[in-house]
Amino acid sequence: MKSNYLILLVIFLLISCKETSLKNIDKKEVIAKKVDSILSLMTLKEKIGQMNQYNGSWDVTGPPTDTTSINKVKHLEQGLVGAMLNVKGVKNVSAAQKIVVEKSRLGIPLIFGFDVIHGYKTISPIPLAEAASWDLKAIKRSAEVAAKEAAASGINWTFAPMVDISRDARWGRVMEGAGEDPFLGSKIAYARVKGFQGEDLSKENTIAACAKHFAGYGYPEAGKEYNTVSVGVSTLYNTILPPFKATVDADVKTFMNAFNELNGIPATGNKFLQRTVLKGDWNFKGFVVSDWGSIMELQHHGYAKDNKQAGEIAINAGVDMDMESYAYIDHLETLVKEGKVKESLINDAVRRILTVKYELGLFDNPYKYCDEKREQQIVNSKEINDAVLDMAKKSIVLLKNESINNKKLLPLKKQNQKIAIIGALANDDDSMLGNWRIGADNHTAVTVLEGLKKYKGNKITYEKGADVALGKTFFYYDTKINTTDKSGFSSAINSAKNADVVIMVLGEHGFQSGEGRSRTNLDIPGVQLDLLKQIYKVNKKIVLVLTNGRPLTINWSKEHIPAILDVWQLGTQAGNAIAQVLYGDYNPSGKLPMTFPRNVGQIPMYYSHKFTGRPTPLPDPAMVFWSKYTDVESSPLYPFGYGLSYTSFKYENLKLSTSKIKKEGEIKVSVAVTNTGNFDGEEVVQLYIQDIIGSLTRPVRELKGFEKIKLNVGETKTVSFTINADLLQFYTANNTWQVEAGDFNLWVGTDSNASLKATFKVVE
Ligand code: NOJ
């Protein structure tokens, strides 16, 4: 075995030597040659081995699969495993790598995947919260430090970013995406891939990214996890696919398919998605991994009669790597021998997988990510924590800040205040880590209470008032997920009575959103709302610090509570970030990436909806026959793009360089924004357009540009946007991307209700 490894090494070295003289030849070609040379040495079985991914058993992130018949270590030794997942830490990664490198015939290194979703050991805000920052630099930086920390711990492949657009807050996994909008989602998807992968994947602090879940996973019927997805061509192309395409533009190295079916065909067995669109139209050169067990699940969908047929369908549909279905390792060889699967498909898949391994530098040094000293220096270091804190502050959204007796509650005064802090989540060091924190240690978040205590000038009291959730593990929820115990109410009420300000930290526990956590009721869970109402009776000066993994229906709070801060689940540095915002050391700048509905019945609810044939109230709004609800307003509780600041901004002087362009022309748009308040602050300037008449009906408005700017008190800046064909085109009735001639409306402003308006025309 060893001698063959040596032969391989010699081949690599020969090619490497040649490399210098081939300087002008594209690096990709060099890698392609190396890959071909190794491919030619591999048996069919070894090739299939590269397409096989096993869970490292140190941690399991899906329904446990029956592994009793398989000796995974033996398979590693035999070169029958190409990738692992959930092996964490340099010690464990090098141990697994050592087995394949030293014992398998060809010693092809493993690639180690892990769900580095929002941080590895040091947890950054949940992705939905990061999206609320609308700060692409900060989001990229967050992915960059997550990659650095994970890479220092042996990981070289993350199963992120999740780029599924979703408009259904019942779906628990909205916490993992960038929200409802394809334009914002695409920009964020691009930034995240660039953050994880950097400019040079062969560096020791960058890792391969994975765009997931291809495709439609964010559109489950009734918001129920893993449920059926039925969408038309227009929604698929204009809404669901753009963020995926953006990751391909960012050179993402891998894709993960999805658990759901799409229009009758499970995504994992979907040839149209994986071969026609991804590998065909988009020319994606990386590899596609299945989701956990999703090949095997083709049987449950009623799409394959057994695991063997599931494997056949999956490889033919374009799935290059099988995560924990055992379909490839058990059946692919037979399927090739039976002529049901062409060996050329296997070669293509393996070529893709080996290419990514080469690009990561694993062939040069399989232990590249395994330096215990580096692990100690980087994991949980100040650099990572600083970046995570910065991201956390930028992710917070100020939903309301009204005056009581002519004074706003926020920012808090720093001296001589009696502050009553109430709510179990204020003193919780775990919930803020969110749902995806398998690399982190539990109970490592800075609590809100700890963050606030760092400000010494005020007198603080704390009362829990009520528990939030009892089920607090990744795998299981307690059936009594929310307690009904009100025994803590009276001491909480007493503490609130004489306080100058009451800070109530309420909302969802981190494990109440995420995969498998769909909900049909989006109110603040348990008895927390009751507690809020009781406290309100004795003291109206309440700041509600809402923690959540998705939009919640907070109608009562919006109506009564003077100040509301949406802090999502902010990660390790949560308490510090929240305290700095509450005290005004950071002026909140976040904007909602998802619409907040008034009630669950309005869902799916999103700003870029269509008009319908009866869109606006008839002259007499009591008339029945127009598109609306009879029991609730049609508008949302908080619109997409909404978020306040401690200061205020004025928009004026909206100018267009021309009001008429050809389809391939461009318009420069400019607007002056002034900080008219008393605090320096940041604003996300948003641009929306409406294509008034189309070959397919168009949304009432669509985000087509945004820029986050900083303005000191009194300062004015002119913000410019360029409108061009890239922004105007859509997937038309001709089933192609086109700009259509006609009239357009344009708005610029502070959220999706922006009213500063202009019009322009596109001509042939
Ligand atoms: C299932 C999830 O859907 C996917 O996003 C994740 O990456 C895999 N499990 C691996 O943990």
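**Exercise 1. How many salt bridges does the count come to by this rule?**

The rule takes a salt bridge to be a side-chain nitrogen of Lys or Arg within 4 Å of a carboxyl oxygen of Asp or Glu. By this rule the count comes to 44 salt bridges. The model is a predicted one, in which local features need pLDDT of at least 70 and side-chain atom pairs count only at pLDDT 80 or more, while totals for chains, interfaces and linings use all residues. Residues are numbered from 1 along each chain as its sequence is written, and side-chain values use heavy atoms, with hydrogens and water left out.

**Exercise 2. Place the salt bridges of Glu383, Arg374 and Glu508 in the chain, and state the burial of the partners.**

Step 1. The side chain of Glu383 meets that of Lys148, at 2.9 Å from N to O. Glu383 belongs to helix H16 (residues 382-395) and Lys148 to helix H7 (residues 136-152), so the pair ties together parts 235 residues apart in sequence. Helices (H or I, at least four residues) and strands (E, at least two) are DSSP runs, numbered from the N terminus. Burial is read from relative accessible area: buried is under 20%, exposed over 50%, and partly exposed in between (1.4 Å probe, protein chains only). Glu383, with 32%, is partly exposed, and Lys148, with 22%, is also partly exposed.

Step 2. Arg374 and Glu204 form a salt bridge of 3.1 Å, N to O. This pair links distant parts of the chain, with Arg374 in helix H15 (residues 372-378) and Glu204 in the loop between H8 and E5, 170 residues apart. Arg374 is buried at 10% relative accessible area, whereas Glu204 is partly exposed at 42%.

Step 3. Between Glu508 and Arg519 the N to O distance is 2.6 Å. Both residues lie in the loop between strand E16 (501-507) and helix H19 (528-538), so the pair ties together parts 11 residues apart in sequence. Glu508 and Arg519 are buried.

**Exercise 3. Which residues of helix H10 are buried, and what do they pack against?**

Step 1. Helix H10 spans residues 242-249 and is mostly covered, with six of its eight residues buried. These are Pro242, Pro243, Phe244, Ala246, Thr247 and Val248.

Step 2. The buried residues pack against helices H8 (182-197), H9 (233-240) and H11 (271-281), and against strands E5 (210-214) and E6 (254-257).

Step 3. Asp251, which follows H10, has a positive phi, near 70 degrees.

**Exercise 4. Describe the surroundings of Thr268.**

Step 1. Thr268 sits in the loop between strand E8 (265-266) and H11. Thr268 is buried, with a relative accessible area of 1%.

Step 2. Contact means heavy atoms within 4.5 Å. Not counting residues up to four places away in sequence, Thr268 touches several residues, among them Asn257, Gln274, Ile295, Leu298 and Val319.

Step 3. A polar contact is a pair of N or O atoms within 3.5 Å; within protein, one must be able to donate a hydrogen and the other to accept it, and residues adjacent in sequence count only if both atoms are side-chain atoms. The side chains of Thr268 and Ser294 make such a contact at 2.9 Å. A polar atom of the Thr268 side chain also lies 3.0 Å from the backbone oxygen of Ala258.

Step 4. Ser403 is 135 residues from Thr268 in sequence and 53 Å from Thr268 in space, C-alpha to C-alpha.
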